[in-house]
Amino acid sequence: MAQRHRKMERQGVGRVLRILRNQLPRLRAGPHQDNPGEGAKELERTQEHALPSFAGGQHFFEYLVVVSLKKKRSGDDYEPTITYQFPKRENLLRGQQEEEERLLSAIPLFCFPDGNEWAPLTEYPRETFSFVLTNVDGSRKIGYCRRLLPAGPGPRLPKVYCIISCIGCFGLFSKILDEVEKRHQISMAVIYPFMQGLREAAFPAPGKTVTLKSFIPDSGTEFISLTRPLDSHLEHVDFSSLLHCLSFEQIIQIFASAVLERKIIFLAEGLSTLSQCIHAAAALLYPFSWAHTYIPVVPERLLDTVCCPTPFMVGVQMRFRQEVMDSPMEEVLLVNLCEGTFLLSVGDEKDILPPKLQDDILNSLGRGIELKTPEEINEHVSGPFVQFFVKTVGHYASYIKRESNGQGYFQERSFYKALASKTNRRFVKKFVKTQLFSLFIQEAEKSKNPPAGYFQKKILEYEEQKKQKKTREKTDTRTVVNRRD
């Protein structure tokens, strides 16, 4: 069954890739066209510095690009085009060059997913959003975007600053985009030394800070501190938008649909709301990872994605609502974030999770809603869902039997039969067939020891609580017996 599921998934991914190949313009990042002056041109001609090697460290980003709208030669439509790129890579091998061209040709489409019908504007609300590009091997690159109206007199077109990175840390990159935007208002030339310094810095460990020294004309030298959250499993997400748009009951139903790897579509007006809500929904699955089609903001040209037969989690702008509703879709959960409603559903979303555990999540979410900081809100929302997995599958490590060579083999039947509750057992029998669980358990089979992460910490805490409860019950029983005697 797992092999058949993977085959269908490859077919679904292949279908999306074919759409991309057929419809994406073959854009190349030519010389930037923002006319920053000779200083910037000289900087652009400078070859990329060799990057130092950091033990265990990752680099912040791969590219910074500016995507602008350029009028097509025929008609009144505009075409998104890369007008600035850092770094400019040279001396690439043929395979690397082809990969770079594919990446750079896809970026403009996701920076302007709304289509090509634009007109110069005098006002435009700034939007911060992100998109995800998935490679055939399953690896992902994240595009962190800031779309705004550049400074200047009269009507003008919005542009997008986009940072491409393999690292998921939305808050950190939002701060970096603030710095990029501030420098771009002065000159493109001022962006280069800041981004070069960032590129040469190692990505900090959880809870650590990296400080960059940067010079800005008329302001002098600035020190910019970038701190990574201590709890790294939530650093790429902000649950505030999801809580603002939906009730706790609806969030639980979305979680239940995602756990069984169904098709989920989010509709919203703003790009920020759309990308934040879909990232939040995927984050509820921790410690498991959504391995299927995942597009936080679907470009107009890729709306056919909603017809894929395999699981997907996608976001679509409200302006394309009718196109989505008219598409041939089966067993999909269609979420209207603007009105807080489900436009389409399978109908059994309330019955997927075990009732007792579902009530536990709901009760936990209902407590402490007065929390203020994003970190407190994230922990408050994520915690009950992590606890759900602790109670249902937290005993997985005890059912991986290892041979003398260290290779582990998961004992599936014994694993779910170990659950005392019939409703929990019925749920887990379904869950172990998903790719969410299969990929997780494959990694666990390879590792001789459970990973020392947040999930394992919660498992140990839960097991300790059960031991203490048993001890108290034994003590209470002996006390009652002694009283009778």
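This text leads through a five-stranded sheet and the helix packed on it, and then through a pair of packed helices. The model is predicted, so that local features need pLDDT of at least 70 and side-chain atom pairs count only at pLDDT 80 or more, whereas totals for chains, interfaces and linings use all residues. Residues are numbered from 1 along each chain as its sequence is written, and side-chain values use heavy atoms, with hydrogens and water left out.

The sheet is open, with mixed pairing and the strand order β9-β10-β8-β11-β12; strands (E, at least two residues) and helices (H or I, at least four) are DSSP runs numbered from the N terminus, and two strands pair if DSSP finds at least two bridges between them. Its edge strands, each pairing on one side only, are β9 (293-295) and β12 (341-344), and from one strand to the next the twist averages 25°. Strand β9 runs parallel to β10 (residues 312-317), to which three bridges join it, and Tyr294 stands opposite Met313 in β10. Helix α8 (residues 271-283) packs on this sheet and touches β8 (263-268), β9 and β10, where contact means heavy atoms within 4.5 Å.

Elsewhere in the chain numbering, helix α10 (residues 355-366) packs against helix α11 (residues 374-393) at an angle of about 160°, with the axes 9 Å apart; axes are lines fitted to C-alpha atoms, for helices over the stretch in contact, and angles run from 0 to 180 degrees between N-to-C directions. That makes α10 roughly antiparallel to α11, a term for angles over 145 degrees. On the α10 side, the contact is made by Leu357, Asp360, Ile361, Ser364 and Leu365, and the residues of α11 include Phe385 and Phe388.

Notes:
Angles under 35 degrees count as roughly parallel, over 145 as roughly antiparallel, 65 to 115 as roughly perpendicular and the rest as oblique.
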